[in-house]
Amino acid sequence: MTDDTGKRDEALSFLVGHTTGVLATIGQEGTPRARLVYYACDDSFNVYFITLANTRKAHDLERNLHAAFVVSETDAPRTLQLEGTVEDLTDKAGIDATLASLVETLMSNTKFGAPLTRFDTGELKFYRLTPSWVRWGNFTV
């Protein structure tokens, strides 16, 4: 990310202010796969997300820890792009503020419930994407 503190703060505020983004992984065949995920983040632009162990994204991340993540808006031309490596924190995760925030986000939709409840039951996996590259685009100015 740029050394411009104002832009960094603006980008982080944008990331914190949203709850969904698109996670891109690499499938077994080497083809890209993208899907919408609910997330939480920290002040270092690390993105945390949960999925079930039997999903394609979990299988993709077992084979290749490199991923990309994008958060954008449709009503204003602003986007945040991240690329980095993903770490499986399932065995390391305690109930800390980030995980609690993510669970709160997942449970906040009282009309439809958490998306994970729509799938077959299975082991939950907790991941962190640590970015090695960040690009903030605010095209409203």
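These notes go through the charged pairs, the aromatic pairs and one surface patch of a predicted model.

1. Salt bridges overall. The structure holds seven salt bridges, and the points below take up some of them, beginning with the pair formed by aspartate 60 and arginine 33, whose side chains meet at 2.8 Å, N to O. This pair links distant parts of the chain, since aspartate 60 belongs to helix α2 (residues 56–63) while arginine 33 belongs to strand β2, with their positions 27 residues apart in sequence.

2. Burial of that pair. Aspartate 60 counts as buried because its relative accessibility is 0%, and arginine 33 is likewise buried, with a relative accessible area of 14%, a value that falls under the 20% limit for this class. The two side chains are also joined by a polar contact of 2.8 Å.

3. Surroundings of arginine 33. Strand β2, in which arginine 33 lies, covers residues 32–38. When residues up to four places away in sequence are left aside, arginine 33 touches Leu23, Ala24, Thr25, Gly27, Gln28, Arg56 and Asp60, so that its salt-bridge partner, Asp60, appears in this list of contacts as well.

4. A second partner for aspartate 60. Arginine 63 also forms a salt bridge with aspartate 60, and here the closest N and O atoms are 3.9 Å apart, a distance to be read against the cut-off of 4 Å. Because arginine 63 and aspartate 60 are three residues apart in helix α2, about one helical turn separates them. Arginine 63 is partly exposed, with a relative accessible area of 46%, whereas aspartate 60 is buried at 0%.

5. A pair between two strands. The side chains of aspartate 88 and lysine 125 meet in a salt bridge of 2.8 Å, N to O. Aspartate 88 lies in strand β6 (residues 78–88) and lysine 125 in strand β7 (residues 124–138), so this pair ties together parts of the chain that are 37 residues apart in sequence. Aspartate 88 counts as partly exposed at 31% relative accessibility, while lysine 125 is buried, with a relative accessible area of 14%. Elsewhere, salt bridges that share partners join Glu29, Arg33, Arg35, Asp60 and Arg63 into one network.

6. Aromatic pairs, tilted case. The structure holds four aromatic pairs. In one of them, the ring centres of phenylalanine 14 and tryptophan 136 are 4.9 Å apart and the ring planes stand at 50°, so the pair is tilted. Phenylalanine 14 is part of helix α1 (residues 5–16) and tryptophan 136 is part of strand β7, so the pair ties together parts that are 122 residues apart in sequence. Both partners count as buried, phenylalanine 14 at 4% relative accessibility and tryptophan 136 at 13%.

7. Aromatic pairs, stacked case. Tyrosine 48 and phenylalanine 126 have ring centres 5.9 Å apart and planes at 20°, so this pair is stacked. With tyrosine 48 in strand β4 (residues 47–52) and phenylalanine 126 in strand β7, the pair ties together parts that are 78 residues apart in sequence. Tyrosine 48 is buried, its relative accessible area being 9%, and phenylalanine 126 counts as buried at 8% relative accessibility.

8. A nonpolar patch. On the surface, Val22, Leu36 and Val70 make a nonpolar patch of about 230 Å². Valine 70 lies in strand β5 (residues 66–72), and it counts as partly exposed because its relative accessibility is 31%, a value to be set beside the requirement of over 30% relative accessible area for residues that make up a patch.

Definitions and conventions. Residues numbered from 1 in each chain as written. Predicted model: local features only at pLDDT ≥ 70, side-chain atom pairs only at ≥ 80, totals over all residues. Heavy atoms only, no water. Patch = residues over 30% accessible without salt bridge, like charges linked within 9 Å, V, L, I, M, F, W, Y side chains within 5 Å. Areas by Shrake-Rupley, 256 points an atom, 1.4 Å probe, with all protein chains shown as cover. Helix = DSSP H or I, 4+ residues; strand = E, 2+ residues; numbered from the N terminus. Buried < 20%, exposed > 50% of the residue type's maximum accessible area, 1.4 Å probe, protein only. Polar contact = N/O pair within 3.5 Å; in protein donor to acceptor, adjacent residues only side chain to side chain. Contact = heavy atoms within 4.5 Å. Phe/Tyr/Trp six-rings, centres within 6.5 Å; stacked < 30°, edge-to-face > 60°.
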